[in-house]
Amino acid sequence: MMNASFHLHRLSSTQPSSSLLPKPFIQRSPPANLLPIGRRRSSTLKFQGKQKCLLSIRASIIDDVKRVKTSKENASTAKAVIRATDPGLLSNLLGNTLLLELVSADIDSATGLEKETIKGYAKKVKTENDEVIYESEFKVPAGFGEVGAILVQNELYKEMFLNNIVLDGLPNGLINFNCSSWVHSKFDSSIKRIFFSNKSYLPNDTPTGLKKLRETDLENLRGNGKGERKKFDRIYDYDTYNDLGDPDSSSDDLARPVLGSKIHPYPRRCRTGRPLSKKDPLSETRSISVYVPRDETFEDVKVSTFGISTLKSVLHAFLPTLEVILLNPKLGFPHFTEIDTLFKEGVPVPKDKNFFQLLLPRLVKTVTDGGDEALLFESPEMMERDKFSWFRDEEFSRQTLAGLNPYSLELVTEWPLKSKLDPEIYGSPESLITTELVQREIRGVMTIDEALKQKKMFILDYHDLLLPYVSKVREIEGTTLYGSRTLFFLTMEGTLEPIAIELTRPPVGDKPQWKQVFTPGWDGTSCWLWRLAKAHVCAHDSGYHQLVIHWLRTHCCTEPYIIAANRQLSAMHPIYRLLHPHFRYTMEINALARESLINAGGIIESCFSPGKYAIELSSAAYEQLWRFDMEALPADLIRRGMAVEDPTAEHGLKLSIEDYPFANDGLILWDAIKQWVRDYVNHYYPDSSLVESDKELQDWWTEVRTKGHADKKDEPWWPVLKTPEDLVNVLTTIIWVAAGHHAAVNFGQYVYAGYFPNRPTIARTNMPTEDPVDDEYKNFLHKPEFALLKCFPSKIQATTVMAVLDVLSGHSPDEEYLGDQTEPSWAENPVIKAAFEQFNGRLKELEGIIDERNTNLSLKNRTGAGVVPYELLKPFSKPGVTGMGVPNSISI
């Protein structure tokens, strides 16, 4: 048996670029009969084929295993029982499957070194149903001390999925090791995996026998920053977004700028190490699959990746077929009734593509007696309740408070409205929305000064962000763009009334600046111009929602937190274990987004404003608008003027609009998260000095700022971690973004945008009044409905987005919801377990509050005739597209 210190040296010096030391990605409880504290998971991981193994290593506490005899003088004999899916004939031939080594938490008092590990092989005993039973036996000396970690080496030629290890019969009683991790074959890497027990330790409290192992684990997870990552690697490192374009493509139109620099600031993503482009040495070449650390991807688990695997099917197989079916990419819908056929008759699918019904049963259905299949969309709830609600100004306004993007509406605090862009480049900065126009539209109920003082004026302002892109976007065939401002007035009923839309085109070539204000008119021409102007604003809002509110502020900005946590926080650190459930699948879904959604020529560029400049615009938004301290829900509301601090008000805030469903529900959820985090943090950091002295914690937060968000590392607004309350605020913000923020802007996508006239993703034609002398204006006057249909997305754009949103809006069958299931390490700590149960109780109360609010007809912004009730922040949901449910993490 080798000395533990020698073993540590071998771990750290062998194949450093392929090190696979542990940081289990999804933590799941052992079965209820093995775990004395906590609940059993309601779902079970299932696998395709026989290549991946699910193992539960358990000690001698089942009926057919003899009880272990222990004494202070004699060694203990422990027997581990291992349950696995059948790995195939190869394992039977080899006999041994896993080499296990028990690691003592103590050091040898005589030498001051780590104690020698105790080894045992796991061998197959029998098969029960779909499981193969393995056993391993250990002789543990009386003075060995508590087992604090287990080293695991996979003796097979293929990887295994290790679920948990439970040791029993030792002097210190039952010990749980939650693994939930892929264990690579020793033929891929000789480095042994390390799994720590479920006890959490701050760095300074680490048992002496585990200190070096804790450090080695983190060193190997960081890697050396060299080489191309392999599929089995578990290395976390940073890189810029230099893989969105394809400079080496035969098409010259697929090169894109690198995001993550002074010119284009951006968060960092996980490094893959792929070769650099030949034409652009700053860009990385693209590949069929994108590396993420092995435990961040579970593509072979049928149930766990229902959403992700379905999305891959849509992106890689179905959409290319759809392009062939629809042929002409420019073809639009000639009549509104043809849009309705998407929900009644569908788009025929070629007979040789019948396998799509198996892959996409919700989208592809058999529609005739002859067995023909079609892409047949489910009617969105909004369309089911009121097919014409999208046409109404009330619904247009209501959705700024209770729709898919409740994050953009702002209080008007300055008057008159004025652009901050350079007038030499973009033309006159003064808005044409004048005092006289506003007072006319609000019918003289008050002066503009009174309206501002009483907080009655609100705005969707995409003017300065979009205007720099207008000229470039208009060079792209089949699309257009304006800078836009949309002004709303708060009525006595507490609802919003849209009163003006201003669209602006900067000087282009020899054409001067053009701008025009549109208002809800009382004649046919002005009414249809108003509807067209709303379509443009909806396209702006759709693009901003998808690129900034959704992708940038949740998916993209969260990835650095995940990378830094795995590099700097040990798997046994209590803060790692708190954050871990909120990072599930995020890196995998982000990699898929870089592969097919936000890449050059991908779904976002093809179907959303502002086309090929979409991701570049999100970089501009990151530079101008993103600050970590403003990502907290209360801070976001205050920044937008939607709330002010008020110690006497509920949640400490007074809302500018009392009936603001997103904020009303969100603040309850925010407070529940914060109380849970405070209880957790105060347990592990009873003294303020412990936060500052926690080196792993400080290194994590420093790396988030200096590496993960390197382009903003010198900003003065970054929070510092000096007290437990500082830590509570940071952690609550991260969990809110991953759970509440993402749920609010993701799971209603099909509900509100499934019927695309409600939220067109792109505007294809200019306003008829921009050049009123041409034929388009004449056509508009002759048939304004056709002008609106021409402005909407094309058939291929609309159906592509609808198919993708249908998948993105759904919950997988094994979705893990916020506050629903306890983690193993929490369940074993009575204080944390009790705090979590209180958290769960608060979330169940929120469910009831939301249900009650949705029956209150005085809350006109969340319920009423034909109105979709606001349920996006209801914590729990059944599988599928439900328009509710707050998962732990950004998992789709």
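How are α14 and α22 oriented to each other? That question opens this short tour of a predicted model, and the answer comes under the next heading.

## Helices α14 and α22

Let us begin with the pair in the question. Helix α14 covers residues 524-568 and helix α22 covers residues 695-708; their axes cross at roughly 140° and come within 9 Å. An angle counts as oblique when it is not under 35 degrees, over 145, or 65 to 115, and α14 and α22 are therefore oblique to each other. Their crossing is right-handed.

If you would like to find the contact in the structure, look on α14 for Pro560, Tyr561, Ala564, Ala565, Arg567 and Gln568. Their partners on α22 are Glu696, Asp699, Trp700, Glu703, Val704, Lys707 and Gly708. Sorted by class, this contact has 6 nonpolar, 5 charged and 2 polar residues.

## The chain as a whole

Now a step back to the full chain. Its secondary structure comes to 29 helices and 23 strands. The chain has 892 residues, and 62% of them count as buried. About 33,700 Å² is exposed, with carbon and sulfur atoms supplying 52% of that area.

The contacts can also be viewed along the sequence. Taking contacts between residues at least 6 apart in sequence, 76% join residues that are at least 24 apart.

## Helices α20 and α23

Here is another helix pair to visit. Helix α20 (residues 661-684) packs with helix α23 (residues 724-746) at an angle of about 140°, and the axes are 9 Å apart. α20 and α23 are therefore oblique to each other, and α20 passes α23 in a right-handed crossing.

On the α20 side, the residues that meet α23 include Phe662, Leu669, Trp670, Ile673 and Val677. Among those on the α23 side are Pro724, Leu727, Val728, Leu731, Ile735 and Trp736. By class, the contact of α20 with α23 has 13 nonpolar, 6 polar and 3 charged residues.

## A look at Thr486

To finish, here is a single residue. Thr486 sits in strand β17, which spans residues 483-490. Is Thr486 buried or exposed? Thr486 counts as buried because its relative accessibility is 0%, and the cut-off for buried is under 20%.

Which residues does Thr486 touch, leaving aside those up to four places away in sequence? Thr486 touches Phe396, Phe458, Ile459, Leu460, Ala500, Ile501 and Val537.

Definitions and conventions
Residues numbered from 1 in each chain as written. Predicted model: local features only at pLDDT ≥ 70, side-chain atom pairs only at ≥ 80, totals over all residues. Heavy atoms only, no water. Axes fitted to C-alpha atoms, helices over the stretch in contact; angles between N-to-C directions. Helix = DSSP H or I, 4+ residues; strand = E, 2+ residues; numbered from the N terminus. Left-handed = near helix turned anticlockwise from the far one by under 90°. Contact = heavy atoms within 4.5 Å. Nonpolar A, V, L, I, M, F, W, Y, C, P; charged D, E, K, R; others polar. Buried < 20%, exposed > 50% of the residue type's maximum accessible area, 1.4 Å probe, protein only. Areas by Shrake-Rupley, 256 points an atom, 1.4 Å probe, with all protein chains shown as cover.
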